[in-house]
Amino acid sequence: MLRIRGSAGGTALTGTLYEPGEEPPTFRGAPDDDAPYVWVCDAFYEVESGGQLQRIGGEEKRVAFESPMPRGFADRDRAIEAAKSHIRTQFARLGVPEVDVEIALGVDDATP
């Protein structure tokens, strides 16, 4: 497993890339077993009301979360690039510019 973490505005988002031989989680919508690389990560967006209050870049924003959307890939490099793009997209949904998102690979889940 490779942890891919994006951080910006004082918060972070971490997803998991399951590699060949590892068991990705099984749930409705998960790709079939033929995909050697499987990316799983939350998705979120800003809402006017409801959601969860988050402080991002010094501003309070209400954020709603979607169920993880697993994606399968045949190639490791393509999977990593898609994971980075996914993370940047989630931050962009909250108004954080792509250039402000720092991406790290191999980050331990226990890291604050």
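Start by selecting residues 52–56, strand E5, together with residues 59–66, strand E6: in this predicted model the two pair in the antiparallel sense over 5 bridges. Now click on Leu53 and look across to E6, where Arg62 stands opposite.

Next, add strand E4, residues 43–46, to your selection. You now have a sheet of 3 strands, open and antiparallel, in the order E4-E6-E5. Which strands sit at the edges? They are E4 and E5, and each pairs on one side only. If you tilt the view, look for the turn between neighbouring strands of this sheet: on average it is 45°, direction ignored.

Let's move to the largest nonpolar core, which has 21 residues. Show the side chains of Ile4, Leu17, Trp39, Ile87 and Phe91, the members that touch the most others. Then colour strands E1 (2–8), E2 (11–18) and E3 (37–40) and helix H1 (76–92), since each supplies at least two residues of this core. Which element gives the most? That is H1, with 6 residues.

Stay here and centre on Ile4. Setting aside neighbours within four places in sequence, Ile4 is in contact with residues including Leu13, Leu17, Trp39, Ile80, Ala83, Ile87 and Ile103.

Finally, zoom out to the whole chain. There are 1 helix and 8 strands, running β-β-β-β-β-β-β-α-β from the N terminus on. Of the 112 residues, 36% count as buried. Switch on the surface: the chain exposes about 6,800 Å², and carbon and sulfur atoms supply 44% of that area.

Notes
Residues are numbered from 1 along each chain as its sequence is written. This is a predicted model: local features need pLDDT of at least 70, side-chain atom pairs count only at pLDDT 80 or more; totals for chains, interfaces and linings use all residues. Side-chain values use heavy atoms; hydrogens and water are left out. A nonpolar core is a set of buried Ala, Val, Leu, Ile, Met, Phe, Trp, Tyr and Cys residues joined through side-chain atoms within 4.5 Å. Buried means under 20% relative accessible area, exposed over 50%, partly exposed in between (1.4 Å probe, protein chains only). Helices (H or I, at least four residues) and strands (E, at least two) are DSSP runs, numbered from the N terminus. Contact means heavy atoms within 4.5 Å. Two strands pair if DSSP finds at least two bridges between them. Axes are lines fitted to C-alpha atoms, for helices over the stretch in contact, and angles run from 0 to 180 degrees between N-to-C directions. Accessible areas come from the Shrake-Rupley method with a 1.4 Å probe; for residues, only the protein chains shown count as cover.
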